[in-house]
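Colleague: Hi! Could you walk me through this one? I'm new to it.

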Amino acid sequence: MRISKLLLPTLREDPADAEVISHKLLVRAGLIQKVAVGIFNYLPLGCRVIRKVENIIRAEMNRAGAQEILMPAVVPAELWRESGRWHKYGKELLRFKDRKDAEYCLGPTHEEVVTALARAFVHSYKQLPLNLYQIQTKFRDELRPRFGLMRGREFIMKDAYSFHADEASLDAEYQNMRETYCRIFEACGLRYKIVEADSGNIGGSVSQEFMVLAENGEDALLSCAQCSYSANVEAAVSAPLGYAQGRPLDSPNKKTTLETAPGVREISTPDKRTIEEVSAFLKTPPENLLKTLIYYYKSNEREDHVVIVLRGCDQLNEVKLKNYLQADIVLPAEDSAVREITGVEPGFCGPVGLKKARVISDELVKTISGGVTGANKKDTHLLNVVPGRDFELKETADLRLAQAGEKCPHCGAPLEAVRGIEVGHIFKLGTKYSEAMQATYLDQSGAARPFIMGCYGIGVGRTAAAAVEQHFDASGIIWPPALAPYQCVVIPANIREPEQAAAAEKIYQELLAGGAEVLLDDREERIGVKLKDMELVGITSRVVVGKALSEGKVEFRWRAAKDNELLPVAAAAQTVLARLRA
């Protein structure tokens with residue numbers, strides 16, 4: 001391709017709305033263009049990168065035994081009503097009506113469509129297992145689209161769905177997809193971690209995310225350096241006091257505490273509402289305080305309020321609470337609801353004496369032997385509170401956000417905080433969709449049974465953006481070779497010099513004939529402009545035909561290297577071809 005004919009609108013300044021490196025560089029390098037908030041054009045070089053990611057995905061999915069299909073972007077509301085997600089999914093689901101007032105949505109994901117497809121055509125256990133995938137544009141009406149391709153509203157996704165007769169078959173395909181994803185991201189040249197994750201709106205029992213490690217990653221992770229444990233903070237667990245996962249958290253001297261601890265007494269705490277204020281006023285550490293939160297929740301079965309009790313040093317993990325309650329929505333309660341439940345305004349609430357309220361305590365509340373909590377009375381707290389003695393521990397669960405520095409639940413080594421970009425997510429869905437949509441097959445005895453399902457997604461644009469976040473320098477993008485829009489660019493220093501132009505043209509044609517993906521920078525621009533543009537775009541290698549031509553040489557450099565290498569002009573093309581194939 002001749003750059004004089006290429007649509008390549010490079011920019012010298014960062015776009016005003018770009019916050020992260022990938023957004024800045026993809027726009028500046030002329031790979032993408034903003035059309036609306038969270039919606040982008042893929043320009044010629046950007047489209048080439050996207051297609052390369054897709055081709056890697058397609059090759060590995062086919063190798064894994066999956067079959068490619070293509071489902072519609074526009075989905076009738078009836079299918080989403082069958083699954084129960086039409087009203088649950090929230091405002092991210094873009095709903096609209098056609099001219100006949102029939103309701104539709106732009107598909108953010110395609111569980112409903114593919115389940116209906118299997119219901120129509122897969123009738124016997126003999127047709128199972130089955131894995132169907134597509135690479136298609138999705139739309140999610142994000143509240144805060146940002147970070148370019150990393151958090152857009154319209155995006156390209158590979159989504160796959162598997163159907164099984166039993167759990168063992170699902171387990172095998174889940175592992176198959178896990179290994180397939182590893183091959184995909186390794187082929188893309190990415191450093192990544194597999195982390196435990198929450199299933200979110202998709203649902204299911206087990207899920208894992210593939211996270212590309214990057215300083216600007218929008219997801220916070222906790223990772224153990226000593227073993228394989230890693231998790232998104234939404235799903236992370238830890239052993240903060242040295243307890244192994246699954247062992248009881250009761251204090252070893254709890255019985256003695258219940259028998260000998262001093263009784264509860266009130267203390268005046270005027271205008272001291274926050275954990276920090278109460279801790280400083282009473283000169284007691286936050287881990288000795290009991291934090292009481294009132295939350296509203298709503299599910300299919302009910303909507304109500306619940307009282308949550310945590311240690312003062314801990315933060316509530318709303319995702320864990322939502323999963324524990326099996327709720328569609330969890331939100332901090334309105335002040336009016338707090339007053340109705342506790343009899344006092346927020347800041348002085350506590351679990352002692354709340355006879356009618358449902359109280360759920362985090363597991364680590366058990367370890368407090370004489371704590372401080374609100375007295376459900378204005379400007380008053382209680383001292384010497386012992387959980388299990390002074391209020392019931394009827395319900396306990398892991399509800400806290402795990403933190404860096406706490407112990408790994410598997411091996412006890414300290415957990416480290418890292419940031420990542422989610423590029424892939426795999427789920428065990430079970431029968432969530434097949435039961436709701438009455439999608440069944442006949443087993444060996446002729447009985448109708450719901451499909452057991454799995455779901456496996458990769459963000460195509462996100463993968464490209466993640467590659468930029470990991471591979472760049474002060475001059476621009478350094479694409480992993482498998483994703484670079486072109487493998488080589490031939491640059492005559494001065495296109496008006498006949499000898500340089502002729503030598504560059506010859507090398508360019510020889511590289512083309514050898515099967516290389518190559519550009520010829522035939523623009524009438526200064527050499528400095530040409531070099532800056534190609535470094536910004538991130539072409540894998542370059543051949544510069546300049547002053548060294550008088551000595552029968554041309555300059556060669558890999559994009560990631562610092563120094564030029566002189567090659568004989570007659571053998572330049574063959575040398576470059578050999579290196580590109582290596």
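**Helix packing and cysteines**

Modeller: Happy to! Helix α12 passes α14 in a right-handed crossing (the near helix is turned clockwise from the far one by less than a right angle; helices are DSSP runs of H or I, at least four residues, numbered from the N terminus). This is a predicted model, where local features need pLDDT of at least 70, side-chain atom pairs count only at pLDDT 80 or more, and totals for chains, interfaces and linings use all residues. Residues are numbered from 1 along each chain as its sequence is written, and side-chain values use heavy atoms, leaving out hydrogens and water.

Colleague: At what angle do α12 and α14 pack?

Modeller: At about 40°, with the axes 9 Å apart; α12 covers residues 498–513 and α14 residues 572–581. Axes are lines fitted to C-alpha atoms over the stretch in contact, and angles run from 0 to 180 degrees between N-to-C directions. That makes α12 oblique to α14 (not under 35 degrees, over 145, or 65 to 115).

Colleague: Which residues meet there?

Modeller: I507, E510 and L511 in α12 are in contact with A572, A573, V576 and L577 in α14, meaning heavy atoms within 4.5 Å. These residues divide into six nonpolar, no polar and one charged (Glu counts as charged, and Ala, Val, Leu and Ile as nonpolar).

Colleague: New topic: how many disulfides are there?

Modeller: Zero in the whole structure, taking a disulfide as two cysteine sulfur atoms within 2.5 Å.

Colleague: Why no bond for C47?

Modeller: Because its closest cysteine sulfur, in C188, is 16 Å away, too far for a bond.

Colleague: And is C349 buried or exposed?

Modeller: C349 is buried, at 9% relative accessible area (buried means under 20%, with a 1.4 Å probe and protein chains only).

Conventions:
Buried < 20%, exposed > 50% of the residue type's maximum accessible area, 1.4 Å probe, protein only. Helix = DSSP H or I, 4+ residues; strand = E, 2+ residues; numbered from the N terminus.
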